[in-house]
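Visitor: I am new to this structure and would love a close look at just one part of it. Could you pick a stretch and walk me through what is there?

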Amino acid sequence: MAHEEPPPFTFEPRTGRPLGLLTALCLLLIGGVYAGYGIGCTVIDGNDDAPAAYVAGDSIGLAAIGGTLAAVVGWLTWSLLVDRYPRSLGQLHAPGVLLPAAAGGLWLAVIELGVTGWYAGAAAIGAAAGALTLLLAVAAAARRHRRWRLELDLIAHGTPVAATVVESGLDPDDFEEASNVITTAVFRFTGVDGTVYRVRRGVIIPASAPLVEGQRTVIWYDPARPTDDRLMVIGIQHALRWNVPVPRVRTDRPAVPS
């Protein structure tokens with residue numbers, strides 16, 4: 001019985017949302033400052049460490065609640081949009097912005113109420129933790145960008161061969177519970193020496209572009225080191241990882257990404 005072969009895997013890159021990311025950053029910054037200030041004033045007053053005449057009124061409560069809500073909305077917005085920019089931004093940027101902002105708000109409360117001790121220490125620790133998180137976020141982005149450049153070089157100079165999805169890693173009801181599925185897919189390709197190889201790769205598969213067993217793609221690899229996973233690029237994974245079109249083999253010149 002003849003079986004129709006699945007069409008090649010296609011992936012439409014998600015469009016950028018710079019205004020949404022800017023809004024998320026503003027919410028994280030402003031919300032963090034207000035939350036840190038409002039919560040700081042409330043805690044200081046609740047511990048009877050504020051001046052005797054000071055009472056944390058409704059405005060302080062509104063600052064704490066409103067700032068916290070703004071920060072939460074900003075963080076959620078960032079987490080939903082940041083994956084559109086995998087080479088330059090990451091999830092760690094959100095706490096890297098929020099923690100120093102909250103520490104700044106707490107420091108304002110410390111100065112206004114004239115307290116010292118562990119309140120000032122907590123503000124300093126929060127600022128330091130935020131700075132460290134932001135440094136880690138920048139380092140992670142730089143590492144991803146280096147990997148992106150390496151994959152472009154491998155595509156440009158590696159040997160392209162046809163590959164087939166032999167295991168998608170998906171269950172029939174996966175997309176009923178989530179719009180993206182993190183799984184491990186298995187690809188098979190035949191090297192230029194005739195040897196058949198199988199490669200396992202972790203992928204994040206969106207509902208708009210599910211993998212199907214039998215789909216074909218391209219793998220670029222080094223024939224001299226065919227089992228070196230670091231010197232191998234799988235077209236499907238490259239597209240999903242970097243939010244770019246699936247690279248194809250060009251017939252008029254060496255393979256380059258679309």
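Guide: Let's start at I30, which sits in helix 1. Please keep in mind that this is a predicted model. Together with L29 and Y34, I30 forms a nonpolar patch on the surface. The accessible area of L29, I30 and Y34 together comes to about 310 Å².

Now follow helix 1, residues 18-46, to its meeting with another helix. Two packed helices can be described by the angle between their axes and the distance between those axes. For helix 1 and helix 3 (residues 93-113), the axes come within 7 Å and cross at roughly 35°. The crossing of these two helices is right-handed. On the helix 1 side, the contact is made by L25, L28, L29, G32, V33, G36, Y37, G40, C41 and I44. Helix 3 brings A94, V97, L98, A101, A102, G105, L106, L108, A109, E112 and L113 to the contact. You may recognise L29 here: this residue belongs to the surface patch and also takes part in the contact with helix 3. By kind, the residues of this contact divide into 16 nonpolar, 4 polar and 1 charged.

For a final stop, look over at helix 4, residues 118-157, where E151 and R147 lie 4 residues apart, about one turn of the helix. Side chains of opposite charge can pair when their charged atoms come close. The side chains of E151 and R147 meet in a salt bridge, at 3.2 Å from N to O. Across the whole structure, a search finds 6 salt bridges.

Note on methods
Residues numbered from 1 in each chain as written. Predicted model: local features only at pLDDT ≥ 70, side-chain atom pairs only at ≥ 80, totals over all residues. Heavy atoms only, no water. Axes fitted to C-alpha atoms, helices over the stretch in contact; angles between N-to-C directions. Left-handed = near helix turned anticlockwise from the far one by under 90°. Contact = heavy atoms within 4.5 Å. Nonpolar A, V, L, I, M, F, W, Y, C, P; charged D, E, K, R; others polar. Patch = residues over 30% accessible without salt bridge, like charges linked within 9 Å, V, L, I, M, F, W, Y side chains within 5 Å. Areas by Shrake-Rupley, 256 points an atom, 1.4 Å probe, with all protein chains shown as cover. Salt bridge = Lys/Arg side-chain N within 4 Å of Asp/Glu carboxyl O.
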